[in-house]
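This report looks at charged pairs and nonpolar packing in one protein chain. The sequence and structure come first.

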Amino acid sequence: SIARKLPRTCDPDFIRCRGGAVLEGEEDPLLGPDEDYPDWLWELADNYHRDIDDHLAHPDHALFKKINKVRQMMHRRVQKLRHRNPELASQLKFPTEAEVIDNIRQYEAQRKVNIEEGGKFAEDLRERASNELSGRKGGVGVHRMEQDTLS
């Protein structure tokens with residue numbers, strides 16, 4: 001199976017095909033150099049996280065699946081609101097295709113912000129962990145060793 005991740009050329013640690021093992025308990029197979037694989041394989045990886053505007057420029061089945069999924073979600077939300085507030089039922093309208101696409105754009109914009117913030121958080125966390133580990137000797141923190149020698 002193809003792992004849904006950035007192309008391997010962007011991630012040098014990606015050396016195994018996750019989920020590619022045929023038998024249980026077997027290790028995932030090692031991946032070869034990028035040149036050994038056909039070009040269409042890399043296009044699959046590129047198409048996985050395309051923006052809605054890219055999808056609209058080149059419509060495909062994934063676009064219609066995405067729009068239909070969000071339309072159903074928004075439709076269910078309107079139905080719940082109508083059920084909970086019968087007096088507002090005539091005012092609550094089901095979403096148009098343009099509203100669905102706008103909703104997807106808003107979601108993707110928020111997702112990009114969350115990914116950037118998550119990346120910054122992960123970098124900060126890694127830095128703090130490495131600083132903490134570099135200050136340790138034999139698994140005990142330096143401040144703990146100083147406290148033990150003082151007492």
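## Salt bridges and core

D53 and R105 form a salt bridge, with their closest N and O atoms 2.7 Å apart. The two residues sit in distant parts of the chain: D53 belongs to helix 2 (residues 52-57), R105 to helix 4 (residues 97-134), and 52 residues separate them. The model is a predicted one.

Neither end of this pair is classed as buried. D53 has 42% relative accessibility and counts as partly exposed. R105, at 33%, is also partly exposed. Both values fall in between the 20% cut-off for buried and the 50% cut-off for exposed.

R105 has a second partner. D102 forms a salt bridge with R105, the closest N and O atoms lying 3.2 Å apart. This pair is local: D102 and R105 are three residues apart in helix 4, so about one helical turn separates them. D102 is partly exposed, at 39% relative accessibility. Through shared partners, the salt bridges join D53, D102 and R105 into one network.

A further salt bridge links the side chains of K66 and E108, at 3.1 Å from N to O. K66 lies in helix 3 (residues 61-84) and E108 in helix 4, so this pair ties together parts that are 42 residues apart in sequence. The two ends differ in burial class: K66 is partly exposed at 25%, whereas E108 is buried at 12%. E108 is buried because its 12% relative accessible area is under the 20% cut-off.

The structure holds five salt bridges in total. Three of them are described here, including these pairs:

| Salt bridge | Closest N to O distance |
|---|---|
| D53 and R105 | 2.7 Å |
| K66 and E108 | 3.1 Å |
| D102 and R105 | 3.2 Å |

Side chains of opposite charge can pair when their charged atoms come close.

Now the nonpolar side. Which residues make up the largest nonpolar core? The core has eight: I52, L63, I67, V70, M74, V100, I101 and I104. Helix 3 and helix 4 are the elements that give two or more residues to this core. Helix 3 gives the most, with four.

I101 is one of the core residues. Leaving aside its neighbours within four places in sequence, I101 is in contact with I52, L56 and I67. Of these contacts, I52 and I67 are listed in the core. In soluble globular proteins, nonpolar side chains tend to be buried together.

Technical notes:
Residues are numbered from 1 along each chain as its sequence is written. This is a predicted model: local features need pLDDT of at least 70, side-chain atom pairs count only at pLDDT 80 or more; totals for chains, interfaces and linings use all residues. Side-chain values use heavy atoms; hydrogens and water are left out. A salt bridge is a side-chain nitrogen of Lys or Arg within 4 Å of a carboxyl oxygen of Asp or Glu. Buried means under 20% relative accessible area, exposed over 50%, partly exposed in between (1.4 Å probe, protein chains only). A nonpolar core is a set of buried Ala, Val, Leu, Ile, Met, Phe, Trp, Tyr and Cys residues joined through side-chain atoms within 4.5 Å. Contact means heavy atoms within 4.5 Å.
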